[in-house]
Amino acid sequence: MTTNDDSNEDSPLLSSDRRLSRGLQSSDYQSIDPQTPDSQLASRYPVINEPPPDVTVNATGYTRRQKLVLVFLCFSNLTVNACASVLAPFFPNEAEKHKGVSKTAVGFIFGSFQLVNFFVSPVIGKYITLLGARFTYLSGLFILAGCSLCFGFLDRAPAGLTYVALCFASRCLEGAGSAATMTAGFTIVAHEFPGQVSAAFGILEVFSGVGFVIGPFLGSVLYGVGGFMLPFVTLGGILLIVVVVYVAIFPSMDGETQPYSGSFLPLLRIPAISITCLSIFAGTLTLGFFDVSFQPHLDPFHLSPLLVGVVFLTGPLLYALGAPLWGWLASKGSWGKVLIVFGDAVCVVGVMLLGPSPLLPFKNTLWLTLVTVVILGIGIGASQVPLFQEMLEAAKSRGYPDDFETQGLISGMYTSVFSFGAFMGPIGGGALNDAIGFEWTSTILCFVYVAVTAITALFHLIQWRLRRASAAISPPHA
């Protein structure tokens, strides 16, 4: 399987950019005669000497093209996540009181978004080389914009089954658009930032977190000003403008369309990838449970709505602020593996204190709740940010090429597992919360994290010992 990353004669800037970010390939070195004078080498491989005049590299190591792509992706993440979360503050009450929708139906309307994302993401990842990453990304944004605009008119639908069906259909279609955008976005990051995936991913997560934070706030404000329609029409309109602008200026990518020949099953058989998926699932499971069950847990403190919002925002804010640091550390050698184990272990402590667990000898207090939110914001950020790059590195270590097909498969798998955890958190966690209470549910979640942390730590420890043993018995290089 080959790519034509450097063969596009119409895009010299693209080729020189990618040579700068990736360096010379092995075939470049093999073609160099040791007796060739330095002057001839400089003319044959100008990237060795200095970048072409059209390519600028700043102190961060990003080319001008990479910075442009990163800005586009960051603004998209901000807008998409704001659209996805804008309905949280007012839709449940609107649906229950004005349309006669049960709480169970409201929960499934919310959960359908992640459920469709779970099923569609692997399909998108599997066929992204046929569709093209840029086309898939822009198509997903267009679907999200259209669904947001349409959802704003659903308050005019008749109450009862018709209203539920239309809400469910809109959220399902929105989930498909999200799957396309997320999967293609991760693929673009992997392709455009080789060797810097975690660092770029950390920057993107800042804007994802900010989007989730400002979405409910904007939803509350716009709903109070103009009713049900205004939040969806406003954010959907902004996203539609983004799509129109991006169609004109979003860069194209060499090698993004190829004949399809990949499969998920061999990737799933790679132990490092399947174990990494456990951490993805545990993190999003915790976040999903937290979203639907944490607010009633705060009721005994009699906090004002403003203070409840501050408590809720503390964790996502710490996650967003810490993401660039975790991404930068994860890009330094084997720090990604250390961060994953460290983050999972911190989450064990945070989830145990979240109840707190009945196994602990103290009761819930406001200060303990605040400390717990801070711990979870740090732990989930440290464990989640490096995961995507670790999956890519595991695939490459097994001989998979670093091309759009591999990147698309990994992106689809990551998005699917992420969405499955985000779906099971509210559904499974909410059911357990009703059956056995918040404290025991968080204890069960803690045991899940203990198992994930132990499996992950043991696996990486064994791999580290095997690498040391292999290095000890390998003959020295001549």
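## Exercises on aromatic pairs and a buried threonine

F90, F91, F110, F151, Y223, F228 and F232 form a cluster joined by ring pairs. The model is predicted, and the exercises below walk through its rings and one threonine.

**Exercise 1. Which residue lies over the face of F110, and at what distance from the ring centre?**

Solution. Start from F110, one of the cluster members. The residue over its face is R171, at 5.7 Å from the ring centre.

**Exercise 2. How many aromatic pairs does a search of the whole structure find, and is the pair of F118 and F420 stacked, tilted or edge-to-face?**

Solution. Step one is the count: searching the whole structure gives 24 aromatic pairs. Step two is the geometry of F118 and F420: the ring centres are 4.9 Å apart and the planes stand at 35 degrees, so this pair is tilted. The reasoning rests on the cut-offs, since planes under 30 degrees apart count as stacked and those over 60 as edge-to-face. Step three places the residues: F118 belongs to helix α7 (residues 103-131) and F420 to helix α18 (residues 404-436), so the pair ties together parts 302 residues apart in sequence. Step four looks at exposure: F118 is partly exposed, its relative accessible area being 23%, and F420 is partly exposed at 30%.

**Exercise 3. What are the centre distance and plane angle for F151 and F232, and are these residues buried or exposed?**

Solution. The ring centres of F151 and F232 lie 5.0 Å apart with the planes at 45 degrees, so this pair is tilted. Next, locate the partners: F151 is in helix α8 (residues 133-151) and F232 in helix α11 (residues 229-249), and the pair links distant parts of the chain, 81 residues apart. Finally, F151 and F232 are both buried. Both residues also belong to the ring cluster.

**Exercise 4. Where does T415 lie, and which residues is it in contact with beyond its neighbours within four places in sequence?**

Solution. T415 sits in helix α18. With a relative accessible area of 0%, T415 is buried, because the limit for that class is under 20%. A polar atom of the T415 side chain is 2.9 Å from the backbone oxygen of S411. Setting aside neighbours within four places, the contacts of T415 are N117, S121, M182, T183 and F186.

**Exercise 5. How many helices and strands does the protein have, and what share of its residues is buried?**

Solution. Count the elements: there are 19 helices and 0 strands. Then take burial: 49% of the 478 residues are buried. To round off, look at contacts with a separation of 6 or more: residues 24 or more positions apart account for 83% of them.

Key: Residues are numbered from 1 along each chain as its sequence is written. This is a predicted model: local features need pLDDT of at least 70, side-chain atom pairs count only at pLDDT 80 or more; totals for chains, interfaces and linings use all residues. Side-chain values use heavy atoms; hydrogens and water are left out. Helices (H or I, at least four residues) and strands (E, at least two) are DSSP runs, numbered from the N terminus. Buried means under 20% relative accessible area, exposed over 50%, partly exposed in between (1.4 Å probe, protein chains only). Contact means heavy atoms within 4.5 Å. Rings of Phe, Tyr and Trp (its six-membered ring) pair if their centres lie within 6.5 Å; planes under 30 degrees apart count as stacked, over 60 as edge-to-face and the rest as tilted. A charge sits over a ring if NZ of Lys or CZ of Arg is within 6 Å of the ring centre and within 35 degrees of the ring normal. A polar contact is a pair of N or O atoms within 3.5 Å; within protein, one must be able to donate a hydrogen and the other to accept it, and residues adjacent in sequence count only if both atoms are side-chain atoms.
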